[in-house]
Each structure stands twice: as C-alpha cells, then as structure tokens.
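Open the model in your viewer and turn on residue labels. We will go from the whole chain to a few selections, one stop at a time.

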Amino acid sequence: MHLKIDSIWTCVAAAALGLLAVQGANAQTVGESLVKSKVCLGCHQVDSPRVGPPFTAIAQRYAGQPDAEGYLADSIRNGGRYRWGKLSMAAQPQVSPSEAREIANWILSLAPPRKTP
C-alpha cells in the first residue's frame with residue numbers, strides 16, 4: 001500500500017509540474033498572439049524585413065537597454081519617425097498600454113542571449 005501512495009504522489013507532482021510548464025509557455029505566447037491579432041504582421045515579420053524592420057532586429061537593437069520595454073510600448077502606441085530609415089511607423093492607439101507592453105516584452109524575448117566576456 002505504501003508504494004501505491006508514493007506512486008500517486010509522484011503522478012500528482014508530475015502533473016503539477018506539467019501544468020506549470022504549460023502555463024509558462026502560454027505566458028510567453030501572449031505577446032505573439034497580440035502581434036497576430038493586432039495585425040502587426042501586416043508591416044513586420046519575425047525574421048525578415050517587410051515594410052518595417054523584423055522583430056528580431058528590433059530585439060537586437062533594444063535588448064539590454066534601460067526601459068526598453070517601455071520605450072517600445074510607447075513606440076507601438078504613438079508611432080515613430082526615422083528610427084529605421086525614411087518610413088514612419090503609424091500610431092496604434094487600438095493597442096492598449098498593457099497590450100503594448102506584452103508585445104514589447106515578446107519582441108525583446110527574441111534577442112539572442114548576450115555573450116559574457
């Protein structure tokens with residue numbers, strides 16, 4: 001009987017860890033889902049230029065900078081001019097401040113890990 005109870009608790013623990021892993025994966029895809037639902041992909045792609053720069057290039061430029069998430073969120077909502085050439089990014093006021101932060105956070109997550117000297 002003792003073995004059976006240990007097995008049950010092992011299964012419960014494994015299920016709990018699995019649930020946490022799924023929740024973590026879902027949390028990481030909130031920004032990606034917003035990018036799709038807010039039609040960001042009309043002008044941007046993840047790895048290649050379109051009308052605007054690819055998200056990976058944005059991530060590389062701003063990753064590690066102080067308040068990069070806030071800066072990008074502000075750029076999403078209010079637009080920007082001449083940061084990536086002659087074209088300007090139009091303001092996206094339909095994106096809420098919290099959604100803009102989620103998108104910015106997701107974009108920054110695309111930056112490659114920084115190498116330590």
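Half of the story here is long-range: among contacts with a separation of 6 or more, 50% join residues 24 or more positions apart. Keep in mind as you look around that this is a predicted model.

**Stop 1: the whole chain.** Colour by secondary structure. You should find five helices and zero strands, running along the sequence as α-α-α-α-α. Now colour by burial: of the 117 residues, 26% count as buried.

**Stop 2: helix α2.** Select residues 30–37, which form α2. Which residues of this helix are buried? They are Gly31, Leu34 and Val35. Turn the view until you look down the axis of α2: the buried residues fall within an arc of 105°, so they line one face of the helix. Swing around to the face turned away from that buried side, and you will meet the exposed residues Lys36 and Ser37. Before you leave, click on Val39, which follows α2 and has a positive phi, near 65°.

**Stop 3: helix α4.** Select residues 68–78 for α4. The buried residues in this helix are Ala68, Gly70, Leu72, Ala73, Ser75 and Ile76. What do they pack against? Show α3 (55–62) and α5 as well, since these are the partners of the buried residues of α4. Just after α4, Gly79 is another residue to click on, with a positive phi of about 80°.

Zoom in on Ser75, which sits in α4. Is Ser75 buried or exposed? Its relative accessibility is 7%, and buried means under 20%, so Ser75 counts as buried. Leaving aside residues up to four places away in sequence, Ser75 touches Gly80, Arg83 and Met89. Show those three side by side with Ser75 to see the contacts.

**Stop 4: α4 against α5.** Add residues 97–109, helix α5. Two packed helices are described by the angle between their axes and the distance between the axes. For α4 and α5 the angle is about 120° and the axes are 8 Å apart. That makes α4 oblique to α5, and their crossing is right-handed.

To see the contact itself, show these side chains as sticks:

- from α4: Ala68, Glu69, Gly70, Leu72, Ala73, Ile76 and Arg77
- from α5: Pro97, Ala100, Arg101, Ile103, Ala104, Asn105, Ile107 and Leu108

Colour them by type and you will find 10 nonpolar, two polar and three charged residues in this contact.

Pause on Pro97, which belongs to α5. At 53% relative accessibility, Pro97 counts as exposed. Try the distance tool from Pro97 to Asp74: C-alpha to C-alpha they are 8.0 Å apart in space, while 23 residues apart in sequence.

**Stop 5: α3 against α5.** Hide α4 and keep α3 and α5 on screen. How do their axes cross? They come within 7 Å and cross at roughly 85°, which makes α3 roughly perpendicular to α5. Select Phe55, Ile58, Ala59 and Tyr62 in α3, then Trp106, Ile107 and Leu108 in α5, to display where the two helices meet. The residues of this contact divide into seven nonpolar, no polar and no charged.

For a last view, bring α4 back. Ile107 and Leu108 of α5 are among the residues that meet α4, and Ile107 and Leu108 also meet α3.

Conventions. Residues are numbered from 1 along each chain as its sequence is written. This is a predicted model: local features need pLDDT of at least 70, side-chain atom pairs count only at pLDDT 80 or more; totals for chains, interfaces and linings use all residues. Side-chain values use heavy atoms; hydrogens and water are left out. Axes are lines fitted to C-alpha atoms, for helices over the stretch in contact, and angles run from 0 to 180 degrees between N-to-C directions. Helices (H or I, at least four residues) and strands (E, at least two) are DSSP runs, numbered from the N terminus. Angles under 35 degrees count as roughly parallel, over 145 as roughly antiparallel, 65 to 115 as roughly perpendicular and the rest as oblique. A crossing is left-handed if the near helix is turned anticlockwise from the far one by less than a right angle, and right-handed if clockwise. Contact means heavy atoms within 4.5 Å. Ala, Val, Leu, Ile, Met, Phe, Trp, Tyr, Cys and Pro count as nonpolar, Asp, Glu, Lys and Arg as charged, and the others, Gly among them, as polar. Buried means under 20% relative accessible area, exposed over 50%, partly exposed in between (1.4 Å probe, protein chains only). The arc is that of the directions from the helix axis to the C-beta atoms.
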